[in-house]
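Biologist: Hi, could you walk me through this structure? I'd like to go over contacts, salt bridges and pockets.

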Amino acid sequence: MTLFDSPSFANHEGVHAFFDEKTGLKAIVAVHSTARGPAVGGTRMWNYASSAEALEDVLRLSKGMSYKNAVADLEMGGGKSVIIGDSRTQKTPELFRAFGRAVDTLGGVYYAAEDVGVSVADIAEARKTTSRVLGLKDGPEASGDPSPVTAEGVYRSTLAVARRLFKQDDLTGLTIAMQGVGHVGGYLAEKLAAAGAKLVMTDVNTATLAEVAARTGAEIVAPDAIYDVKADIYAPCALGATLNPHTLDRITAKAVVGAANNQLATPEIGRILFERGVLYAPDYVVNGGGIINVAAEMNARQTKGAFDPAWVEKKLSRLIETFDEILERSAVENRPTHEIADAIAEARIAAAADEKLKQAA
């Protein structure tokens, strides 16, 4: 299968491969859309089994960023980058400086930020060779680690689901099965526990898992056992596609609300969940807090001002209102939530593309 034949190609504007022999950098940058502005999305470092797997991941993630940025009403397009390698053993400052040089060759079409396997410190290294990175920790415009804001958005979305499904304003008495308690998941777990939820969690990083479980009073299960937990809410907070034909019949939760990207292996999985009466919170809607935080940094940079937490809060509150509107429309129109969210995103992207063409004419 060629790139253009891939079901995940989805009319990407550009896909760029980079290699640096000296540092061992192998990276792919996918730019899905710049209709609403420069493509912005995180950088994931993962030990992919093959370059084909890495390409598939970056394409899916890039399209997801276009939709995420559109639904959050940000003046940014969607893109994503992946670095092939083990983030635990193959990271070097030189590698991220090489990555920065690669991003810089795109001339501002794409801006990178943190994602799985990449830290604020890594982005700071890339910043030494390009200005086209976001999520920095130093300077008046710096937004820092976006993970806490991502977690806050998922937490507020979980409360919205609890109000709608369980008719309660907190999470007391509800069991939540969390898959992944890394950076975002760790922050989210604390918020969920404080709101009264009983947590059952898993993670491949046993040290982090034990630490988060200890401070939240959570029960630990093996990675594969998380799908069989008798829970009210399933919270996927690791990698994507955990909602798939192999796991669907094992999940008994009434709702899915998590921080992971691309939770549905295919769109058809979302419709099956809907037909079974499971409320699916569209991932790129509820986990949009982090990119809102990053967008505030870009705004500050463009206006030569300072990072504005009040702007972030306003955008995040509006995003949760949009999520509530999606849930209401799903109930009234008898349509799956992910189809409604997609329609909103696609309409906003199309309108921006049309306006861009008019201005160019």
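Modeller: Happy to! One term before we start: a polar contact is a pair of N or O atoms within 3.5 Å, where one must be able to donate a hydrogen and the other to accept it. Please also keep in mind that this is a predicted model.

Biologist: Thanks. Which backbone oxygen lies 2.6 Å from a polar atom of the N69 side chain?

Modeller: That is the backbone oxygen of G77. N69 itself sits in helix α1.

Biologist: Is N69 buried or exposed?

Modeller: N69 is buried, as its relative accessible area is 0%.

Biologist: And what is N69 in contact with, leaving aside its neighbours within four places in sequence?

Modeller: With that exclusion, N69 touches R36, V40, L74, M76, G77, G78 and I291. So G77 appears in that list as well as in the 2.6 Å pair with the N69 side chain.

Biologist: Nice. Switching to charges: how many salt bridges does the structure hold?

Modeller: There are 27 salt bridges in the structure. One of them pairs the side chains of D73 and K315, at 3.7 Å from N to O. D73 is in the loop between α1 and β4 and K315 is in helix α10, so this pair ties together parts that are 242 residues apart in sequence.

Biologist: Which of those two, D73 or K315, is buried?

Modeller: K315 is buried, with 17% relative accessible area. D73 counts as partly exposed because its relative accessibility is 40%, and the buried class means under 20%.

Biologist: What does R215 pair with?

Modeller: R215 meets E190 in a salt bridge, with an N to O distance of 2.3 Å. This pair links helix α6, where R215 lies, to helix α5, which holds E190, and the two residues are 25 apart. Both ends are partly exposed: R215 has 42% relative accessibility, and E190 has 35%.

Biologist: Any that join loops?

Modeller: Yes, R250 and D228 form a salt bridge at 2.8 Å, N to O. R250 is in the loop between β9 and β10, while D228 is in the loop between β8 and β9, 22 residues apart. Salt bridges that share partners also join R44, D57, K80 and D115 into one network.

Biologist: OK, pockets now. What volume does the second largest pocket have?

Modeller: The second largest pocket has a volume of about 580 Å³. Its lining has 27 residues, and R60, K63, N262, L264 and P267 lie nearest its centre.

Biologist: Which helix supplies the largest share of that lining?

Modeller: That would be α1, with nine residues. The helices α1, α8 and α11 each supply at least two lining residues.

Biologist: And how does that lining split by class?

Modeller: The lining of the second largest pocket has 12 nonpolar, seven polar and eight charged residues.

Biologist: Last one: how many cavities of 30 Å³ or more are there?

Modeller: The count comes to one cavity of 30 Å³ or more. The largest cavity holds about 30 Å³ of space. Its lining is made up of A177, I226, Y227, V229, A231, Y234, I251, T252 and A253.

Biologist: What classes do those residues fall into?

Modeller: Eight residues lining the largest cavity are nonpolar, one is polar and none is charged. In the second largest pocket, by contrast, eight lining residues are charged.

Biologist: Great, thanks for the tour!

Terms used. Residues numbered from 1 in each chain as written. Predicted model: local features only at pLDDT ≥ 70, side-chain atom pairs only at ≥ 80, totals over all residues. Heavy atoms only, no water. 1 Å grid on protein atoms, 1.4 Å probe; cavity = no way out; pocket = protein on both sides within 12 Å on 5 of 7 lines; lining within 4 Å. Points joined across faces, edges and corners; volume = space filled by probe spheres on them. Helix = DSSP H or I, 4+ residues; strand = E, 2+ residues; numbered from the N terminus. Nonpolar A, V, L, I, M, F, W, Y, C, P; charged D, E, K, R; others polar. Buried < 20%, exposed > 50% of the residue type's maximum accessible area, 1.4 Å probe, protein only. Contact = heavy atoms within 4.5 Å. Salt bridge = Lys/Arg side-chain N within 4 Å of Asp/Glu carboxyl O.
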